[in-house]
Amino acid sequence: MTVRTRADLDQLPAYVAGRTVPGSIKLASNEVSAGPLPSVVETITRAAAEVHRYPDMGATKLIEALATKLHVAPERLAVGCGSVALCEQLVQATCSAEDEVVFPWRSFEAYPIITRVVGAKQIPVPLTGEHALDLDAMASAITSRTRLVFVCSPNNPTGTLVRRAELEAFLDRVPSDVLVVLDEAYWEFVSDPEAPDGVEVARARENVASMRTFSKAYGLAGLRVGYTYAPEHVAAALRKVCIPFSVNAVAQAAAVASLEAQDELKERCDSVMSERQRVRDELLGLGYEVPETQANFVWLPLGERTQEFNEHCLDNRVVVRAFVGEGARVTIGRPEENDTFLAAARSYRR
């Protein structure tokens, strides 16, 4: 007789990370090619010498730094081991087996997985024909059993943005006892003046939380640290379900230092946004369909040709993130990395 595990996990898909292929350019995981912000590297090095000590479980310095930067009360902040951990904590803090989680699809790959792990019911809502979130359909999908709604903007993997007016109209339809989580992992790359600031929205509404990460623009994907600004009782619940010491000491120190390097961050994001426009313009010129993106990646809705395109890119030393049967997500890298990808896109026989 073998040890029994949950039978429902047999049907649970595993999270699929972007591949790393030696000798190839990795444009599959939305990492920034430049690494941590230059002034933060020394802080990481110093903090590494203290890893024999437990980290501050309350991430006090990081919470204080975030509260100062965002001009918010520290009691409304919670940190976690990256966005994935925060998503899981949010579902754990709001849902039981009888409850439902509404989310757009396709969107962040972790949403259905973490919902099922916690035991809640998944309510995926298809995107529009323009690869954007269908907020009307999402509002209509909310029932008396709904406890949580994820709104990913810019959406991963399509890059499309929810604008201020449509978000406010959606939130007006959401019951006050349902928590809406604005997943803003790519917030720093947004240039659209009509983009809502999730923190400001959450400040004005008692059932909204904003979730952001240091993994993308700040270049700390390998250290795993993110944060949520939420109603005070929700933030307290997130701290209760958080695994103790899950945000390590090096991550905390690096995040604090990153918040102090805003000039470096702006220079980086400006560079990414410029390359993003260049890559999209060239792809459009080649005849590809590419939705407008506000993230650090582009989306190619290739449908049944996705796997063929993926293999072609691999043959040309470029690793993209393929969602078979749907499309390919391609991270914006350094100019020379983008040039290699564009050459592969140019030589692909469509």
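Start by selecting Arg 278: at 29% relative accessibility it is partly exposed (that is, between the cut-offs for buried, under 20% relative accessible area, and exposed, over 50%, using a 1.4 Å probe and protein chains only). You're looking at a predicted model, where local features need pLDDT of at least 70 and side-chain atom pairs count only at pLDDT 80 or more, while totals for chains, interfaces and linings use all residues. Residues are numbered from 1 along each chain as its sequence is written, and side-chain values use heavy atoms, with hydrogens and water left out.

Now add Asp 339, also partly exposed at 39%. Its side chain meets that of Arg 278 in a salt bridge, 3.0 Å from N to O (the term needs a side-chain nitrogen of Lys or Arg within 4 Å of a carboxyl oxygen of Asp or Glu). The pair links helix H10 (residues 262-285) to helix H12 (residues 335-347), 61 residues apart (helices are DSSP runs of H or I with at least four residues, strands are E runs of at least two, and numbering goes from the N terminus).

Next, pick Arg 212 and Asp 197, a salt bridge at 2.9 Å. Arg 212 sits in strand E7 and Asp 197 in the loop between strand E6 and helix H7, so the bridge ties together parts 15 residues apart in sequence. Arg 212 is buried at 4%, whereas Asp 197 is partly exposed at 26%.

Then jump to Arg 147 and Asp 99, whose closest N and O atoms are 3.8 Å apart. Here Asp 99 is the buried partner, at 9%, and Arg 147 is partly exposed at 26%.

Last stop: select Arg 163, Asp 192 and Glu 292 together to see a salt-bridge network. The whole structure holds 20 salt bridges.
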